[in-house]
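Open the model in your viewer and keep the sequence panel beside it. The stops below say what to select next and what is there.

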Amino acid sequence: MPKPFLGSPRLTLPYLCSVNGAALFGILLVLLAAANAYTMYLLVRAVELLDIDAEDRRMMDIGFVALGVYAYGSLGGFTVNLVMMMDLLSLLVAYFVVIADIFLPVAVQHFQGTLLAQRWFVIVVSGILICPFCLMRSLNSLSNGALVGLLAVGAVVCYISTRALSTDFEQRLSTITMFNCSASAFKALPTFAFAYNAHFNVIPVYNEMHHRSPDRMLVVILVSVMLISIPAYFITGLLGYTLFLDDVKEDLLSNIGLTDW
């Protein structure tokens, strides 16, 4: 469950910390995390409120479309399908952009002037490699990949922490901004909201839980959001901002040269 949270948004966290100030950054992380955790719990409660026999509910996978149909009829189901498709496509595009930002500099360094160093080629290959995973019949099939992803997130956090703490950390920490309530700070709110965008995974995860119940799912949500995501986000944002200060870029990868890896 933590993996959906710890995605590409973490690459923008140092920039968000610099825009909002360290203290406001932490406050927004906690407030939006609490709001998202509550709305995810409401989705689980909504599944339990469907007018379906308890035995049948255990035997079938209840999804967002079923919720839409139950609440608003066939039009509701169609609308939910359309909204989910548009949102997921936008997320997929965002991940392709991040993948290209990561691999293109490496490709240019080693294969400059060839097809491998073309941005469109990197994105197309990424799509070919990623899309088959969408055909998996259950989220449990992606458990190994999710574990690798979590380890990669941990590696990024450790890398930023090590560099920040070994580069005049106390002096740099004393120069950072704590509060910034300018208009640019409010423009960062959508990115904060996207950072906790795991709502699409809540119902499938709930369907696959053993001995599932709303209370057990609430524990999973709180552990994923409060105990894992918030500390990882705050450490990455604060230490990344402390490391690069006013030179921090919107994409953390722009601050890290190839030789750093």
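How many disulfides does the count come to? The count comes to zero disulfides, a disulfide being a pair of cysteine sulfur atoms within 2.5 Å. This is a predicted model, in which local features need pLDDT of at least 70 and side-chain atom pairs count only at pLDDT 80 or more, while totals for chains, interfaces and linings use all residues. Residues are numbered from 1 along each chain as its sequence is written, and side-chain values use heavy atoms, with hydrogens and water left out.

**Whole chain**

Colour by secondary structure. The protein has eleven helices and zero strands; here helices (H or I, at least four residues) and strands (E, at least two) are DSSP runs, numbered from the N terminus. Along the sequence the pattern reads α-α-α-α-α-α-α-α-α-α-α. Of the 261 residues, 38% count as buried. Buried means under 20% relative accessible area, exposed means over 50%, and partly exposed is in between, with a 1.4 Å probe and protein chains only.

**Two cysteines**

Select Cys17 and then Cys158. Cys17 is buried, at a relative accessible area of 0%. Cys158 is partly exposed, at 48%.

**Helix α1 and what lies around it**

Select residues 13-20, which form helix α1. Seven of its eight residues are buried, so α1 is largely enclosed by the rest of the structure. The buried residues are Leu13, Pro14, Leu16, Cys17, Ser18, Val19 and Asn20.

Now add Leu245, in the segment after α11. Its C-alpha atom is 7.3 Å from that of Ser18, although the two residues are 227 residues apart along the chain. Leu245 is partly exposed, with 23% relative accessibility.

Step on to Gly21, just after α1, where phi is positive at about 90°. Which loop holds Ile176? Ile176 sits in the loop between α7 (169-173) and α8 (183-186). From Ile176 to Gly21 the C-alpha distance is 7.4 Å, across 155 residues of sequence. Ile176 is buried, at a relative accessible area of 9%.

**Helices α2 and α11**

Show residues 22-49 (α2) together with residues 214-244 (α11). The two axes come within 10 Å and cross at roughly 160°. Axes are lines fitted to C-alpha atoms, for helices over the stretch in contact, and angles run from 0 to 180 degrees between N-to-C directions. That angle makes α2 roughly antiparallel to α11. In this scheme angles under 35 degrees count as roughly parallel, over 145 as roughly antiparallel, 65 to 115 as roughly perpendicular and the rest as oblique.

The contact of α2 with α11 has 21 nonpolar, two polar and three charged residues. Nonpolar covers Ala, Val, Leu, Ile, Met, Phe, Trp, Tyr, Cys and Pro; charged covers Asp, Glu, Lys and Arg; the others, Gly among them, are polar. The crossing of α2 and α11 is right-handed. A crossing is right-handed if the near helix is turned clockwise from the far one by less than a right angle, and left-handed if anticlockwise.

**Aromatic pairs**

Show the side chains of Phe, Tyr and Trp. How many aromatic pairs does a search of the whole structure find? It finds two. Rings of Phe, Tyr and Trp (its six-membered ring) pair if their centres lie within 6.5 Å; planes under 30 degrees apart count as stacked, over 60 as edge-to-face and the rest as tilted.

Phe25 and Phe234 have ring centres 6.1 Å apart and planes at 25°, so this pair is stacked. Phe25 belongs to α2 and Phe234 to α11, and the pair links parts of the chain 209 residues apart. Phe25 is buried, at 0% relative accessible area, while Phe234 is partly exposed, at 30%.

Trp120 and Phe121 make up a pair with ring centres 6.0 Å apart and planes at 90°, so it is edge-to-face.

**Helix α10**

Keep α2 on screen and add residues 199-208, helix α10. Helices α2 and α10 pack at an angle of about 40°, with their axes 10 Å apart. They are therefore oblique to each other, and their crossing is right-handed.

End on Val205, in α10. Is Val205 buried or partly exposed? Val205 is partly exposed, with a relative accessible area of 22%. Its C-alpha atom is 8.8 Å from that of Met217, twelve residues away along the chain.
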